[in-house]
Amino acid sequence: MTNIGETSQGAAACLAVEGEMTIYRAAELKPVLLDFVLTHAAPALDLAGVTEFDSAGAQLLLVARREAVRLGKRLELRGASPAVRDAFALLGLSPEGESA
């Protein structure tokens, strides 16, 4: 199960994702992430509580980042669980979504 919580402080807002960010949750998470990026001036994601992360999770982050760039925003990653860091390393990505 994936839990999602949001905190805001001024223009900055942080969406905390807990649980799985996998192919099994991609359809559920995509609209949540994109809406979050759309509706906040300074969006950030906290992935410290993510327990499982696969290439679909990476794709979700890249889509959200691309949408932020399209809107003239920067999507910040504030936390990455071991599962997220391991997947990034395996895929050759950095936390900013660029090639490592």
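These legends walk you through a few close-up views of a predicted model.

**View 1. An aromatic pair formed by Phe53 and Phe88.** A search of the whole structure turns up 1 aromatic pair. Its ring centres, those of Phe53 and Phe88, sit 5.8 Å apart, and the ring planes meet at 70°, so the pair is edge-to-face. Take a moment to trace the chain here: Phe53 belongs to strand β3 (residues 42-53) and Phe88 to helix α3 (residues 82-91), so this pair links distant parts of the chain, 35 residues apart. Both Phe53 and Phe88 are buried.

**View 2. Ser81, in the loop between β4 and α3.** Strand β4 covers 76-80, and Ser81 is found in the loop between this strand and helix α3. Is Ser81 buried or exposed? Ser81 has a relative accessible area of 3%, and buried means under 20%, so Ser81 is buried. Look next at its side chain: a polar atom there lies 2.6 Å from the backbone oxygen of Val50. Val50 also appears among the contacts of Ser81 when neighbours within four places in sequence are left aside, together with Leu47 and Ala48.

**View 3. Arg70 and Glu67, a salt bridge in helix α2.** The structure holds 3 salt bridges, and this view shows one of them, with the closest N and O atoms of Arg70 and Glu67 2.7 Å apart. Side chains of opposite charge can pair when their charged atoms come close. Both residues lie in helix α2 (residues 55-70), where they are 3 residues apart, about one turn of the helix. How exposed is Arg70? Its relative accessible area is 58%, so Arg70 passes the 50% mark and is exposed. Glu67, at 18% relative accessibility, counts as buried.

**View 4. The salt bridge between Arg25 and Glu28.** Here the closest N and O atoms of Arg25 and Glu28 are 3.8 Å apart. Arg25 is partly exposed, with a relative accessible area of 26%. Its partner Glu28 is partly exposed too, with a value of 36%.

**View 5. The salt bridge between Glu76 and Arg78.** To finish the tour, find Glu76 and Arg78, whose closest N and O atoms are 3.6 Å apart. Glu76 counts as partly exposed at 30% relative accessibility. Arg78 is partly exposed as well, with a relative accessible area of 44%.

How values were computed. Residues numbered from 1 in each chain as written. Predicted model: local features only at pLDDT ≥ 70, side-chain atom pairs only at ≥ 80, totals over all residues. Heavy atoms only, no water. Phe/Tyr/Trp six-rings, centres within 6.5 Å; stacked < 30°, edge-to-face > 60°. Helix = DSSP H or I, 4+ residues; strand = E, 2+ residues; numbered from the N terminus. Buried < 20%, exposed > 50% of the residue type's maximum accessible area, 1.4 Å probe, protein only. Polar contact = N/O pair within 3.5 Å; in protein donor to acceptor, adjacent residues only side chain to side chain. Contact = heavy atoms within 4.5 Å. Salt bridge = Lys/Arg side-chain N within 4 Å of Asp/Glu carboxyl O.
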